[in-house]
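Biologist: I'm just starting out with protein models. Please pick one part of this one and walk me through it closely.

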Amino acid sequence: MNPAQPDIQISDVVLSTAGHDQGAIFYVIGMEGEYLILADGKGRSLEKPKRKKRRHIQKVLRSETRVAEKIRSGDKVLNGELRRDLAYFAREMQANNLGG
């Protein structure tokens, strides 16, 4: 793992930096060695998550939402909840980029 990259944990929100999904944001729902298991509730549902190498993602933030808490605790999360949270984060990121 890249030492300059902050430690990524389950329930973090990350941005894809490589591949056909470059620029997309995901929740980290699991880890398998150097791979992260990612879902966004739409293109990559909880039933068919994306495996992506750590070096191809960038941490956006440590989410403290109810959905993030459910992911951390292992409770059932719905794809709609992921979509709603990630849409909110995407709007916030776009507002910060345009405003700054």
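Modeller: Here is a close look at the sheet, and then at what sits around it.

First, some housekeeping: this is a predicted model, in which local features need a pLDDT of at least 70 and side-chain atom pairs count only at pLDDT 80 or more, while totals for chains, interfaces and linings use all residues. Residues are numbered from 1 along each chain as its sequence is written, and side-chain values use heavy atoms, with hydrogens and water left out.

To get our bearings, the chain has five strands and two helices. Reading from the N terminus, you meet them as β-β-β-β-β-α-α. Both kinds of element are DSSP runs, numbered from the N terminus: a helix is H or I over at least four residues, and a strand is E over at least two.

Now for the sheet. In general, strands in a sheet pair through backbone hydrogen bonds, in a parallel or antiparallel way. Here the five strands make an open sheet in the order β4-β3-β2-β1-β5, and the pairing is antiparallel. For two strands to count as paired, DSSP has to find at least two bridges between them. At the edges you'll find β4 (50-53) and β5 (57-62), each with a partner on one side only. From one strand to the next, the twist averages 45°. For angles like that, axes are lines fitted to C-alpha atoms (for helices, over the stretch in contact), and the values run from 0 to 180 degrees between N-to-C directions.

Let's zoom in on β3, residues 35-39, which is joined to β4 by four antiparallel bridges. With β2, β3 shares five bridges, and that pair is antiparallel too. A nice residue to find is leucine 38: valine 28 has leucine 38 as its bridge partner, and leucine 38 also stands opposite lysine 50 in β4. The hairpin of β2 and β3 has two residues between its strands, and glycine 33 there takes a positive phi near 65°. As for cover, four of the five residues of β3 are buried. Buried means under 20% relative accessible area, exposed means over 50%, and partly exposed is in between (1.4 Å probe, protein chains only).

What packs on the sheet? Helix α1 (residues 66-73) does, touching β2 (25-32) and β5, and its direction makes about 10° with that of β2. That brings us to the largest nonpolar core, whose twelve residues include Val13, Tyr27, Ala39, Val67, Ile71, Leu82 and Phe89. At least two residues of this core come from each of β1 (12-16), β2, α1 and α2 (79-99). A nonpolar core is a set of buried Ala, Val, Leu, Ile, Met, Phe, Trp, Tyr and Cys residues joined through side-chain atoms within 4.5 Å. Try clicking on leucine 82: setting aside neighbours within four places in sequence, its contacts are Tyr27, Ala39, Asp40, Gly41, Leu46, Val67, Ile71 and Val77. Contact here is heavy atoms within 4.5 Å. There's also a second, separate core of seven residues, among them Ile8, Phe26, Val28 and Ile57.

Charged side chains join strands as well. The structure has eight salt bridges, each being a side-chain nitrogen of Lys or Arg within 4 Å of a carboxyl oxygen of Asp or Glu. In one of them, lysine 59 meets aspartate 12 at 3.5 Å, N to O. Lysine 59 sits in β5 and aspartate 12 in β1, 47 residues apart along the chain. Lysine 59 counts as partly exposed because its relative accessibility is 22%, while aspartate 12 counts as buried because its value is 0%.

Another salt bridge joins aspartate 21 and lysine 52, with the closest N and O atoms 3.0 Å apart. Aspartate 21 is in the loop between β1 and β2, and lysine 52 is in β4, 31 residues away. Both aspartate 21 and lysine 52 are buried.

Then there's glutamate 32 with arginine 51, where the closest N and O atoms are 3.1 Å apart. This pair ties β2 (glutamate 32) to β4 (arginine 51) across 19 residues of chain. Glutamate 32 counts as partly exposed because it has 43% relative accessibility, and arginine 51 counts as partly exposed because it has 46%.
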